Amino acid sequence: MDKNLQHSYRDHYYERGHWGTKIWQTLVMLLSWLVFITPIIITTATYLAYRTDNRWGHFFWHYAEGFQELNFLMIFLTFALGTIAVFCLALSYVQVRRARGLVEKWPMFDITKNQWEQRAAERFMTERFGDEKFRQNCRNYTVRPEQNLSKNQLKKIVNNEETSVKH
């Protein structure tokens, strides 16, 4: 088997053949959509008939408590959608202004600290394994047992918790 194909995901539904799998999965998918959509249609048709005095829609049930809950649900969903719309529009407005350069683009992290951490990590790795050019161009490198890093050692070096390099 090709080495690239060995690690890729295969779905028999989209391959040639496997008709039993395709028919079974299609039937399960259609049944799932039916189970999902049927209550929505029934509830929508009943609520529509209730709101329009039976001009549109169809009454599948006539429970006063159900209509009160549907009224509450509609108010709640309207409020939720309004809140989501305001949030999305506000974020879109900020992003458009940032893209046009009208608002200061604040950094998401401390750039100075990040550069210091990179330099500290580079100093440690250069002292432990050689300079950067050597590490990047070396085809084979054998790590001596004393060069192995202990658990979280590089993190401790970067966070300035460990200053001495042990060989």
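N137 is an exposed residue, with a relative accessible area of 58%. N137 sits in helix α5, and its C-alpha atom is separated by 70 Å from that of A45, which is 92 residues away along the chain. Keep in mind that what you're looking at is a predicted model.

**The chain overall**

Let's step back to the whole chain. The protein chain comes to six helices and zero strands, so reading from the N terminus on you just get α-α-α-α-α-α, with helices counted as DSSP runs of at least four residues. How does the radius of gyration of the protein chain sit against that of a compact globule of 167 residues? The globule would have a value near 15 Å, but the chain has 31 Å. Along its principal axes, the C-alpha trace spans about 85 × 55 × 35 Å.

Burial is worth a look too. Of the 167 residues, 13% count as buried. The accessible surface adds up to about 14600 Å², and carbon and sulfur atoms account for 61% of that. As for contacts between residues at least 6 apart in sequence, 28% of them join residues at least 24 apart.

**Helix α2 and helix α3**

I23 lies in helix α2. Is I23 buried or exposed? At 51% relative accessibility, I23 counts as exposed, because the cut-off is over 50%. Its C-alpha atom and that of Y13, ten residues away along the chain, are separated by 9.1 Å.

Helix α2 covers residues 19-51 and α3 covers 64-99, and N54 is found in the loop between them. N54 has a phi near 65 degrees, a positive value in a residue other than glycine. With 46% relative accessibility, N54 counts as partly exposed.

Now for α3 itself. Its 36 residues should span 52 Å at 1.5 Å a residue, and the end C-alpha atoms are 52 Å apart, which agrees. The buried residues in α3 are G66, F67, L70 and R98, and the buried residues of this helix pack against α2. After α3 comes G101, with a positive phi near 80 degrees.

**Helix α4**

Helix α4 takes in residues 111-129, and those 19 residues should span 27 Å at 1.5 Å a residue; its end C-alpha atoms are 26 Å apart, which agrees. Which residues of α4 are buried? They are E117, A120, A121, F124, R128 and F129. These residues cover an arc of only 135 degrees around the axis, so they lie on the same side of α4. Their packing partners are α5 (132-137) and α6 (153-158). Turn to the face pointing away from that buried side and you find the exposed residues T112 and Q118.

Both ends of α4 have something to show. At the N-terminal end, D110 acts as the cap: one of its side-chain oxygens lies 3.3 Å from the backbone nitrogen of T112. Beyond the other end, α4 is followed by G130, whose phi is positive, near 105 degrees.

R128 deserves a closer look. This residue lies in helix α4, and with a relative accessible area of 3% it is buried. What does a polar atom of the R128 side chain have 3.2 Å away? That would be the backbone oxygen of N148. R128 and L89, in contrast, are 52 Å apart in space, C-alpha to C-alpha, with their positions 39 residues apart in sequence.

**The loop between α5 and α6**

N152 is located in the loop between α5 and α6. Although N152 is not a glycine, its phi is positive, at about 60 degrees. Its relative accessible area is 43%, so N152 is partly exposed.

**Accessibility in one place**

Here are the single-residue values mentioned along the way.

| Residue | Relative accessible area | Class |
|---|---|---|
| N137 | 58% | exposed |
| I23 | 51% | exposed |
| N54 | 46% | partly exposed |
| N152 | 43% | partly exposed |
| R128 | 3% | buried |

Note on methods. Residues are numbered from 1 along each chain as its sequence is written. Side-chain values use heavy atoms; hydrogens and water are left out. Helices (H or I, at least four residues) and strands (E, at least two) are DSSP runs, numbered from the N terminus. The expected span of a helix is 1.5 Å times one less than its number of residues. Buried means under 20% relative accessible area, exposed over 50%, partly exposed in between (1.4 Å probe, protein chains only). The arc is that of the directions from the helix axis to the C-beta atoms. Contact means heavy atoms within 4.5 Å. A polar contact is a pair of N or O atoms within 3.5 Å; within protein, one must be able to donate a hydrogen and the other to accept it, and residues adjacent in sequence count only if both atoms are side-chain atoms. The radius of gyration is taken over C-alpha atoms; the globule rule is 2.2 Å times the number of residues to the power 0.38. Accessible areas come from the Shrake-Rupley method with a 1.4 Å probe; for residues, only the protein chains shown count as cover.
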